[in-house]
Amino acid sequence: MEFTGERVIPGKTDPDLMNEHWARYQFAEPLVHGKLVVDAGCGVGYGSAFLATSARLVLALDTSAEALGAAREEYAHPKVALINADCGRLPVPDASVDVISAFEVIEHMDDWQTLISEAARVLAPHGQLLVSTPNRIYSQESREELNPFHVHEFEYSEFESELRKRFPYVMLFLENHSDAITFIPPQGEEVCTQLGGRERDPESAHFFLAVCSKQPQHGPPAFVFLPSGGNVLREREQHVKALLKQVQELERHIMALQEQVRELEQENAERTRWAQELNMELESVRVDRTKLIERLDETEQRVIERSDWAMSLERELKETQQHLAFLRRSIVFRISRRIGLIRDPKAEDEPMP
């Protein structure tokens with residue numbers, strides 16, 4: 001299954017983004033020991049499989065058949081039941097579930113209120129809803145455009161208000177992806193945390209995570225998740241080396257592209273010269289053609305004039321011949337010829353009438 005930005009996929013998602021999602025399941029794990037859990041919007045199931053290591057049973061719900069198929073292939077677990085279901089219509093009886101985890105799903109829903117009301121319906125009196133969502137203020141500040149997969153994002157006050165409509169006890173946590181400097185003894189098990197002031201500012205928080213219940217609850221004042229690759233300096237050095245390698249590859253690619261550009265420019269210059277020469281030849285042919293047409297027009301005009309002159313001569317000759325024929329037939333002509341006044345060689349042998 002390919003990463004599109006809608007669902008986190010281990011191995012195909014940026015490590016920082018992956019850790020943001022993975023930390024929520026780490027937060028939830030101590031709360032699910034031996035309990036019946038619903039993982040609403042489980043995606044490819046990596047979190048459901050992790051919770052199943054502590055929980056009695058995990059019902060992993062998602063509407064994407066493709067995501068559930070990837071979960072069966074990559075994150076199958078004997079205590080995980082993968083179910084194609086809508087988070088707004090949870091397929092479990094009333095008051096039957098101990099914990100519901102709904103991480104980064106409520107902002108994807110058109111009818112997001114139904115997730116809260118359904119959670120209130122199916123949770124047992126002692127049950128807890130763990131729900132997280134991005135901070136709308138931070139999300140808009142950090143993005144040039146809105147997330148196309150999010151339908152509704154929340155500010156702190158709205159998120160808390162909507163949850164308290166169905167759950168009288170809401171403990172809100174501010175999730176921030178922060179750099180940390182650790183002092184941990186090799187045999188140490190507990191970590192004392194000291195947080196800066198802005199870590200407690202709701203408006204600057206990256207995400208909100210709420211633990212909701214119908215009964216009073218108690219929890220740690222803060223939770224810090226350190227990924228296994230938490231050596232920031234080493235990670236940054238490796239990241240810088242990887243970036244330098246990418247820069248070198250990009251430089252080689254740019255040089256190759258520049259060489260292609262030079263070759264194309266040279267080829268284009270040759271084609272331009274060839275086109276100019278061809279245009280000159282075509283212009284010469286056009287001039288010669290124009291001159292030839294003019295000469296043909298002049299010749300045609302002379303032929304027409306000579307034809308008219310010949311026709312005129314022919315008419316005059318014909319008229320003269322007709323006039324002579326008339327004269328030969330006349331009596332005056334015959335008498336004049338007889339008495340020798342006119343000599344007509346062609347008619348000397350003709351008898352008198």
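**Group meeting talk: salt bridges, a strand and a surface patch**

Hi everyone, let's start with a pair of side chains: Glu160 and Arg164 form a salt bridge, and their closest N and O atoms are 3.2 Å apart. Please keep in mind that this is a predicted model. Why can these two pair up along the helix? Glu160 and Arg164 sit four residues apart in helix α6, residues 156-164, so about one helical turn separates them. Glu160 is partly exposed, with a relative accessible area of 23%. Arg164 is partly exposed too, at 37%.

Close by in the numbering, Glu162 makes a salt bridge with Lys165, with 3.1 Å between the closest N and O atoms. Is Glu162 buried or exposed? Its relative accessible area is 17%, and because the cut-off for buried is under 20%, Glu162 counts as buried. Lys165, on the other hand, is exposed, with a relative accessible area of 57%. As a general point, side chains of opposite charge can pair when their charged atoms come close.

How many salt bridges does a search of the whole structure find? The answer is twelve. One more to look at is Arg271 with Glu267, whose side chains meet at 2.7 Å, N to O. Here again the partners are four residues apart, this time in helix α7, so they are separated by about one helical turn. Arg271 is exposed, with a relative accessible area of 55%, while Glu267 counts as partly exposed at 33%. There is also a network: Arg24, Glu104 and Glu175 are joined into one by salt bridges that share partners.

Now let me step back to the whole protein. You can find eight helices and seven strands in it. Of its 353 residues, 31% count as buried. The accessible surface comes to about 23,800 Å², and carbon and sulfur atoms account for 53% of that. If you take the contacts with a separation of 6 or more, 67% of them are between residues 24 or more positions apart.

Next, strand β5, residues 123-134. How many of its twelve residues are buried? Ten of them are, so to speak, under cover: the strand is mostly covered. On one side of the pairing story, β5 pairs with strand β4, residues 97-103, in the parallel sense over six bridges. To get from β4 to β5, the chain passes through helix α4, residues 113-122, and this β-α-β crossover is right-handed. The other pairing is with strand β7, residues 207-213: seven bridges join it to β5, and these two run antiparallel.

If you want one residue to click on, try Gln128 in β5. Val99 stands opposite Gln128, and in β7 the bridge partner of Gln128 is Ser213. So Gln128 is a handy place to see both pairings.

After β7 comes a loop leading to α7, and Val224 is found in that loop. Val224 is partly exposed, with a relative accessible area of 41%. Its C-alpha atom is 9.8 Å from that of Ser178, although the two are 46 residues apart along the chain.

Last stop: the surface. Which residues form a nonpolar patch there? They are Trp274, Leu278 and Leu282, and together they have about 290 Å² of accessible area. Leu282 belongs to helix α7, residues 232-329, and counts as partly exposed at 37% relative accessibility. That's my tour, thanks for listening!

Definitions and conventions
Residues numbered from 1 in each chain as written. Predicted model: local features only at pLDDT ≥ 70, side-chain atom pairs only at ≥ 80, totals over all residues. Heavy atoms only, no water. Buried < 20%, exposed > 50% of the residue type's maximum accessible area, 1.4 Å probe, protein only. Pairing = 2+ DSSP bridges. Right-handed = clockwise from strand over helix to strand, strands pointing away. Contact = heavy atoms within 4.5 Å. Areas by Shrake-Rupley, 256 points an atom, 1.4 Å probe, with all protein chains shown as cover. Patch = residues over 30% accessible without salt bridge, like charges linked within 9 Å, V, L, I, M, F, W, Y side chains within 5 Å. Salt bridge = Lys/Arg side-chain N within 4 Å of Asp/Glu carboxyl O.
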